[in-house]
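Student: I would like a close look at a single part of this model, the pair of cysteines and whether they are bonded or unbonded, and then at how that part sits within the rest of the chain. Please take it step by step.

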Amino acid sequence: MLRYTMRSGELESERFEDLMAFCRNAGIDDVMFFIHPMHFNHMTLEETRPWLKAIQRAKPLLASIGVTTSINPLNTLLHESVGGVLKQGQRFQVMVDPHGNRSSAVACPLCPEWRRYIVSMYAAYAELEPHCLWIEDDFRFHNHRPLLWGGCFCDAHLSEFASRAGVERIDRDDFVQGMLAEGPPHLYRRIWLDACREQLVDVAAEIADAVHQVSPRTRLGLMTSDPAAHAIEGRDWHGLLAALDGVHAAAVRPTLPAYRETTGMQYAWNFHAVSRLTASLLPFMTPLYPELENVPYTSYAKSHAFERFQLETGLLLGSKGITLNILDMAGNGVYPEERHERWLREQKDFAASVAAMHLHVQEQRGVGVLVNERSSYTLATAGGKSPGDLAPRETFWAGCLSACGIANRYVVDNGVDCSGAVALSGQVLRNYSEAELRELFARCAVLLDGEAAFTLYDMGLGSLCGIARAEWFTAQFYERIADGRSYAGIANGRMRPFYSQEAYLRLEYDEAATVSVLSRLHRVDDSLLCPGMTVVNERVFIMPCGWENQQALLHPIRRAVLHDVLLGALRKPDCLPPVMMASYAPHVAVFEFAGELERTICLLNASLDEVSELELTGIGPDTSGWMTYSRSTPFGRPAAWREKGETSMQLLDNIIPPLSMVVLRRSREEAECTGARSCT
């Protein structure tokens, strides 16, 4: 799905000709036309008409080559108001931030004038009967520069908050202090989150009704941002999508979190925290079209190699396609020297093959990483000054386990219905009752980061993981293996933090608990500080790290400890199934999907190193029937395996190039595992 700017009357015939040639050569299926993307203002219907007429002229031409036409208006509330002003006659209530700063143009979603305006604009767009009509990611309360964090704390909202609180009026500063207050969540926080949660669903329903009255078969689509930021405004993912549904289920365009090229390792970490989490929070079978966006929209922002890598990561979400924002939004059309059509055409067959496998994040196997969309309602703050302090921190284990080659999945379950191995970070545990948590710890093998361990202790439930006392500290220290074993081929291994001072959790354990101390923290003079990584009662693994600079924890020794713990020390619960893990290959992630008829394994290489050999646990002794798919073999070929010892297999002829993905697939009848045997 190609995002494109068509300026009415400006070299129009030449631009149409170039666009159609690009669509044919690149394998484009849909063109998403922008509406005046050069500025952030609320355009009038009169200003919009020329853009719509140009799109209307393009639509039959694209249809003649089998390409559908969609519309992507740039603004709803407005992304930002730097230089923006309200036009004559636009009597919109503007957004106000927590400090009382007023935007010059960003609208407040409570404003009835703006609601009438945006509904009428989307009804006008729908007159062209587009294939898909998109709502941009400015449809949110946060991130509206130059406001500090976002809004809205205008007089209308303060009146709404007061009504919900049962009082005559509420002062802005008092309300913000209450919603961010230290200790148990204040009533004001729930009022804030409930109000935001409901208002965007209400507006979405109004837009959807207007669109579908004009064009019932037009699909509505929603661009999304970071789920942690959406949590701060109480986003109701299921309610919002239900409001946008029509004849066709609403589509979602999750961001692929790199607008400019970064390292594959950094991108993968953010992908797990943003894109994968978004897909997991959505209703099952939601059509996904992740956004591959370049800023400033040319190869000066990203290489083709990185773009191909991003496209392949989008397939892990179970996406139906990809949104491409790779052409200049200024309206210059296709730059012939960019040659995007080459890599797109080369990638199309592999992408189509994987998309046809109908992978879904909800069908992944592996360590369950527990998250909750309502965590902003429950987490404890330190009495912050910005709504940003309400952002959950629950994705650490998804990034850490993936970088260490350990299959994992997000578990989005308000009833904490987990089994097997479950990984907990941040303050996710505050969403559940004591009875639910006792059952969780009795039923599952549990991995905790420092904040999750402290949360459990702070809730008075430290005994569930043997904790008698917990306190945060910072010091100059290093971590040393303490159980006498060699990890990653190193005896008496040491690890140092990225910075000289890092927040760590000092834990004292109950004498009744069985504690295996795997590592200890030492001051730089070698004196002992406290335990580091531990296994408690053969069921709980604790890595008492803080929430800053967590990528610095990635280390060959720590990876070896995690593998060893999941293969041995935490295998005590009878219900714990084997977890698929890869042999040593830094930043090669393993994703296992188990559908009704097939079993699929995706191997994603986020490093710049080629991987020529890789062992996987959990394949089983029979390796017949597996097919492998990649850029070089987009339609699949039989996977070649080589035995390695008595209990493992080694994959041959399936080199995983840098920044790429290889997919293994076998029919369900042949895919039943027998035990925890290994393969490559």
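Tutor: A disulfide is counted here when a pair of cysteine sulfur atoms lies within 2.5 Å. The model is a predicted one, and every value below is computed from it. By that rule the count comes to zero disulfides, and Cys 400 shows why: its closest cysteine sulfur, in Cys 404, is 4.6 Å away, which is too far for a bond. Cys 404 is likewise in no disulfide, the nearest cysteine sulfur being that of Cys 400. Both residues count as buried, Cys 400 with a relative accessible area of 2% and Cys 404 with a relative accessible area of 7%.

To place these two cysteines, consider the chain as a whole. The protein chain has 680 residues, and its radius of gyration of 26 Å agrees with the value near 26 Å that a compact globule of that length would have. Taken along the principal axes, the C-alpha atoms fill a box of roughly 75 × 65 × 45 Å. Buried residues make up 59% of the 680 residues, and the secondary structure comes to 16 helices and 33 strands. Where contacts join residues at least 6 apart in sequence, 76% of them link residues at least 24 apart.

A second buried site can be described in terms of its neighbours. Ser 275, which lies in helix H9 (residues 264-281), is buried with a relative accessible area of 0%. Setting aside neighbours within four places in sequence, Ser 275 is in contact with Thr 255, Leu 256, Pro 257, Asn 270 and Leu 317. Helix H9 is also one of the elements against which the buried residues of helix H10 pack, the others being strand E9 (291-293), helix H11 (340-355), strand E26 and strand E32 (660-667).

Helix H10 (residues 304-315) has 12 residues and reaches 17 Å from its first C-alpha to its last, close to the 16 Å expected at 1.5 Å a residue. This helix is mostly covered, with 10 of its 12 residues buried; among them are Phe 306, Phe 309 and Leu 311, together with polar or charged residues including Glu 307, Arg 308 and Gln 310.

Two of the strands that H10 packs against, E26 and E32, belong to an open sheet of six strands in the order E11-E25-E26-E32-E28-E29, with antiparallel pairing. Its edge strands are E11 (364-365) and E29 (637-638), each of which pairs on one side only. Within the sheet, seven bridges join strand E25 (residues 588-594) to strand E26 (residues 598-605), and the two run antiparallel; Val 590 stands opposite Leu 603 in E26.

The loop between strand E28 (627-629) and E29 holds Thr 633, which is buried with a relative accessible area of 12%. The side chain of Thr 633 makes a polar contact with the side chain of Ser 630, at 3.0 Å. By contrast, Thr 633 and Glu 436 are 197 residues apart in sequence and 47 Å apart in space, C-alpha to C-alpha.

To return to your request, Cys 400 and Cys 404 are unbonded in this model, because their sulfurs are 4.6 Å apart, too far for a bond.

Technical notes:
Residues are numbered from 1 along each chain as its sequence is written. This is a predicted model: local features need pLDDT of at least 70, side-chain atom pairs count only at pLDDT 80 or more; totals for chains, interfaces and linings use all residues. Side-chain values use heavy atoms; hydrogens and water are left out. Two strands pair if DSSP finds at least two bridges between them. Helices (H or I, at least four residues) and strands (E, at least two) are DSSP runs, numbered from the N terminus. Buried means under 20% relative accessible area, exposed over 50%, partly exposed in between (1.4 Å probe, protein chains only). Contact means heavy atoms within 4.5 Å. The expected span of a helix is 1.5 Å times one less than its number of residues. A polar contact is a pair of N or O atoms within 3.5 Å; within protein, one must be able to donate a hydrogen and the other to accept it, and residues adjacent in sequence count only if both atoms are side-chain atoms. The radius of gyration is taken over C-alpha atoms; the globule rule is 2.2 Å times the number of residues to the power 0.38.
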